[in-house]
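I'm keeping notes as I click through this one. Today's list covers a few loops, a domain contact and some charged pairs.

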Amino acid sequence: MTSTAAPLDLLLLPTWLVPVEPAGVVLKEHGLGIRDGCIAFIGPRDAALKLAAREVRELPGMLLSPGLVNAHGHAAMTLFRGLADDLPLMTWLEKHIWPAEAKWVDEAFVRDGTNLAIAEQIKGGITCFSDMYFYPKVASDCVHNSGMRAQIALPILDFPIPGASSADEAIRQGIELFGDLKHHPRIKITFGPHAPYTVCDANLEKIRVIAEELDAVIHMHVHETAFEVQQAVEQTGERPLARLARLGLLGPRFQAVHMTQISEDDLALLVESNTSVIHCPESNLKLASGFCPVERLWQAGVNVAIGTDGAASNNDLDLLGETRTAAMLAKAVAGSATALDAHRALRMATLNGARAMGLDSQIGSLEVGKAADIVAFDLSGLAQQPIYDPVSQLIYATGRDCVKHLWVAGKPLLDDRQLTRMDEQQLTATAIAWGQRISGHSE
């Protein structure tokens, strides 16, 4: 497919091109042309070489795929990486993370932590990420300056949080930021009620009404643990997902994060409402929160995307590694070696994430007309040989250190493994300084 009225800005010539849509396709010896930040050409190498292009990049031994989409995280929590490991979720939250946030989180913390997260994600092949954390305007500024793409979910809880003294203030700030950035080409503002156990019905109803008026997405932790569901049933007689359905929140603009506990009734609600599920396998494994039944959801027609969660509970923002874990775990949970094969796993990490965010018309697959959000993985190394199926090799035998180049809207953010717009040494020094401050006062 092609659109070649003017010279291409950039022509990429990889060994393999994996468009993700159509599903299961691997194009060998094809070229991809970029013009004005969008994909303008995909076709055989011979045809590509006949086109006028301002720059041509040969990418031997490389696989070109859509940029990875990290559908859930808390970016600034990179600065809490490893602070309180090997603890149950509620102990981790109530005894360690929430007190640390109360003490340390301010605009400077969010700026430095978000920049660290953005750089780590770019180096790992991620072109778009979802962030749910305090001082969302600061995070938005970081995304704007970095050249990356993001969904910023504004956190809303019934009690005061850093940057907002009440749920009403958080909602008001969200409406304002949504208005300020509604035309931004790379930033999408959404509403992030934290979880069913931290947001009351009245506030959820306010969020639903505003989200409907603005056509905004809602991003929320739901059914993260069996305890959460059990406690809700004991207190109200109702499972959290059923409560959200009763309040009218579920739907194609709702992102249910975690969903480790899914009954037949829950599954029916997800299917009927066309709600997306965001799977965070490594965080759930590390906190012993449970297993999301990905294959069961997939076979039922639920859109399942993948997220790393925050670095405080993962402890990395490595979506390629997360996807490998997701594929392995899906097989174990389903009791089937054919569950979540490599091609579907890659789709979960790209197009499904874009779909959950309402961005699938712009990103998530390599198609003419879509934004040129692209990553080049180097499969020429010893550990990737021999190559029978490059997608299988990418998911099961390749680490994020094989990410070689990355573009967002056609702009290079990583060139030959080097960040083009961020100072890696400065980011590292800043993170070390924060660690020294926090550890010096952590007791």
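Before I place any residue, a reminder to myself: helices and strands here are DSSP runs, at least four residues for a helix and at least two for a strand, numbered from the N terminus. With that in hand, I looked up D389 and found it in the loop between β14 and α15. I also note that I am working with a predicted model.

**Entry: D389**

I checked the exposure of D389 and got a relative accessible area of 27%, which makes it partly exposed. Next I asked what its side chain reaches. The side chain of D389 makes a polar contact of 3.2 Å with that of H343. I also took a C-alpha to C-alpha distance to A342: 9.5 Å in space, for two residues 47 apart in sequence.

**Entry: S365**

Another loop residue. S365 sits between α14 (351-356) and β14 (374-378). Is S365 buried or exposed? I get a relative accessible area of 2%, so S365 is buried, the cut-off for that class being under 20%.

Then I went through the side-chain partners of S365. I find a polar contact with the side chain of E367 at 2.5 Å and a polar contact with the side chain of K370 at 2.6 Å. K370 turns up again when I skip the neighbours within four places in sequence: the contacts of S365 are then P19, V20, E21, I39, P66, L351 and K370.

**Entry: the two domains**

I pulled the domain split next. Domain 1 comes in two pieces, 8-66 and 368-409, while domain 2 runs 68-357. Their centres, taken over C-alpha atoms, are 29 Å apart. On the contact itself I list 27 residues from domain 1 and 30 residues from domain 2.

How much area do domain 1 and domain 2 bury between them? I get about 2200 Å², with 65% of it on carbon and sulfur atoms. On the domain 1 side, I395, Y396 and R400 lose the most area to domain 2, and together they make up 35% of what that side buries.

For the polar side of this contact, I count 4 salt bridges between the domains. I also count 8 residue pairs in polar contact, both residues at pLDDT 80 or more. Which elements give two or more residues to the domain 1 side? My list reads β14, α15 (390-397) and β15 (403-408). Of the elements on that side, α15 gives the most, with 5 residues. By class, I sort the domain 1 side into 18 nonpolar, 4 polar and 5 charged residues.

**Entry: salt bridges**

My overall salt-bridge count comes to 28. I opened several of them.

E120 with R400: a salt bridge, with the closest N and O atoms 3.0 Å apart. R400 was already in my notes as one of the domain 1 residues that lose the most area to domain 2.

D112 with R111: their side chains meet in a salt bridge at 3.3 Å, N to O. I compared the burial of the two partners. D112 is buried at 17% relative accessible area, whereas R111 counts as partly exposed at 40%.

E424 with K123: a salt bridge, the closest N and O atoms being 3.0 Å apart. I looked up where the partners sit, and this pair links distant parts of the chain, with E424 in helix α16 (residues 424-440) and K123 in helix α3 (residues 107-123), 301 residues apart. E424 is partly exposed, at 35%, and K123 is partly exposed too, at 29%.

D378 with R417: a salt bridge at 3.8 Å, N to O. D378 lies in strand β14 and R417 in the loop between β16 (411-415) and β17 (418-419), so this pair ties together parts that are 39 residues apart in sequence. On exposure, D378 is buried at 11%, and R417 is partly exposed at 31%.

Last, I asked which residues are joined into one network by salt bridges that share partners. The network I noted down has R81, E120, D318 and R400 in it.

Methods. Residues are numbered from 1 along each chain as its sequence is written. This is a predicted model: local features need pLDDT of at least 70, side-chain atom pairs count only at pLDDT 80 or more; totals for chains, interfaces and linings use all residues. Side-chain values use heavy atoms; hydrogens and water are left out. Buried means under 20% relative accessible area, exposed over 50%, partly exposed in between (1.4 Å probe, protein chains only). A polar contact is a pair of N or O atoms within 3.5 Å; within protein, one must be able to donate a hydrogen and the other to accept it, and residues adjacent in sequence count only if both atoms are side-chain atoms. Contact means heavy atoms within 4.5 Å. Domain bounds come from an automatic or database domain assignment. Buried area is the accessible area (1.4 Å probe) that two parts lose on being put together, summed over both. Ala, Val, Leu, Ile, Met, Phe, Trp, Tyr, Cys and Pro count as nonpolar, Asp, Glu, Lys and Arg as charged, and the others, Gly among them, as polar.
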